[in-house]
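Here is my note on the structure you sent round, set out as numbered points. Please read it with the sequence and the model open beside you.

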Amino acid sequence: RVCLDPADHIATVMAEHGANVRFSGTVSPLPLYQRLHGQVDAAAERAGSPFSPEQIRVLNVTDISTYYRDRGATITRVAQVVRDLITTQCGRYLVALPSYAYLAALQENLARDWDQATPLVVQQRHLSHEDHQQMLSRFASADGAVMLIVSGGVFGESVDFGKAGIEGVVLVGLGLPPPTLERNLIEAHFDEVEGQGWGNMVAFTQPALVKSVQAAGRMLRSPEDRGVICLVDARFTRTEVQQFFPQHWQPKAIKARQLPAEVNSFWQQQ
């Protein structure tokens with residue numbers, strides 16, 4: 001059996017208590033989560049972000065397609081985005097991709113002319129705890145390094161890079177989950193009960209954006225942190241996607257060739 005919509009059950013459980021607190025760093029848009037939790041008519045308030053727009057520059061590269069059919073043709077341009085970031089501003093960069101196959105393709109392309117003095121740390125399948133710690137240590141101890149990870153994995157959430165911090169996060173692709181029987185049933189259910197578009201938002205867009213926002217959240221951990229978030233996919237400009245962005249994000253759509261100048265401008269202001 002599959003629970004397509006837990007809202008009624010969650011509402012019943014919450015009604016048995018005098019009060020409840022639901023907390024998460026990824027609750028945008030709030031009306032969506034109120035509906036999923038069966039709290040449409042309940043009072044709700046979203047706490048303000050502890051971070052300011054001045055701490056980050058969110059740059060949306062719109063002229064590199066990351067659709068599955070185009071990945072082979074554009075992987076060299078994705079690699080150039082990574083090179084441009086680390087050569088414009090030396091530092092530690094987290095690069096999140098939606099699959100291990102895509103990650104491997106980017107690693108292969110970068111390795112062709114990679115500066116061996118700059119660690120290129122790559123997430124592998126089935127990492128042991130020791131492997132996980134070694135990756136973090138190697139990445140955090142370098143003045144300049146790039147870590148390639150899979151969105152939604154162990155390095156994309158609940159990881160704190162400590163005082164070393166990171167200078168940038170690159171989100172390659174929207175990372176929509178593939179269609180499955182379960183997701184298709186969820187999509188059909190919400191389209192039927194809430195209206196066209198709700199199904200796609202709940203079954204596909206919301207899971208993808210939670211992973212993206214969590215990965216980007218590895219960068220700002222304190223009021224002193226600064227950095228660049230680079231979104232590589234024109235779909236990040238869509239209104240239905242941007243409603244999931246944190247309040248302090250102010251994305252700017254650019255072409256890939258504009259990236260070095262934008263990054264340099266941000267760090268000069270800092």
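**Notes on pockets, cavity and helix packing**

1. I begin with the lining of the largest pocket, which by class has 21 nonpolar, 15 polar and six charged residues. This pocket holds about 1,100 Å³ of space, and of the 42 residues that line it, Phe23, Ser24, Gly25, Thr26 and Val27 lie nearest its centre. Two elements, α2 (30-36) and α7, give two or more residues to this lining, and α7 gives the most, with five residues.

2. Please keep in mind that the model is predicted. The chain averages a pLDDT of 91, and 98% of the residues score at least 70. Among the elements of the chain, the lowest mean pLDDT, 88, belongs to helix α5 (residues 129-140), whereas the highest, 98, belongs to strand β7 (residues 252-254).

3. The second largest pocket contains about 340 Å³ of space. Its lining is made up of 16 residues, and those closest to its centre are Arg71, Gly175, Leu176, Pro177 and Pro178. By class, this lining has nine nonpolar, four polar and three charged residues.

4. A search of the whole structure for cavities of 30 Å³ or more finds one, and the volume of the largest cavity is about 50 Å³. Its lining consists of Ala96, Leu97, Pro98, Ser151, Leu171, Val172, Gly173, Leu174, Gly175, Ala208, Lys211 and Ser212. The elements that contribute two or more residues to this lining are β2 (92-97), β5 (168-172) and α7 (198-216), and α7 gives the most, with three residues. Seven residues of the cavity lining are nonpolar, four are polar and one is charged. Gly175 deserves a second look, since this residue is named in the lining of the largest cavity and is also listed among the residues closest to the centre of the second largest pocket.

5. How do α6 and α7 pack, and at what angle? Helix α6 (residues 181-194) and α7 pack at about 135°, with their axes 5 Å apart; an angle between 115 and 145 degrees counts as oblique, and α6 and α7 are therefore oblique to each other. On the α6 side the contact is made by Arg183, Asn184, Ile186, Glu187, Phe190, Asp191 and Glu194, and on the α7 side by Trp198, Gly199, Asn200, Val202, Ala203, Phe204 and Pro207. By class, this contact has seven nonpolar, three polar and four charged residues.

6. To draw the points on α7 together, this helix gives the most residues to the lining of the largest pocket and the most to the lining of the largest cavity, and it also packs against α6. Ala208, Lys211 and Ser212 are among the residues that line the cavity, while Pro207 is one of the α7 residues in contact with α6.

Technical notes. Residues numbered from 1 in each chain as written. Predicted model: local features only at pLDDT ≥ 70, side-chain atom pairs only at ≥ 80, totals over all residues. Heavy atoms only, no water. 1 Å grid on protein atoms, 1.4 Å probe; cavity = no way out; pocket = protein on both sides within 12 Å on 5 of 7 lines; lining within 4 Å. Points joined across faces, edges and corners; volume = space filled by probe spheres on them. Helix = DSSP H or I, 4+ residues; strand = E, 2+ residues; numbered from the N terminus. Nonpolar A, V, L, I, M, F, W, Y, C, P; charged D, E, K, R; others polar. Axes fitted to C-alpha atoms, helices over the stretch in contact; angles between N-to-C directions. Parallel < 35°, antiparallel > 145°, perpendicular 65-115°, else oblique. Contact = heavy atoms within 4.5 Å. pLDDT = per-residue confidence, 0-100.
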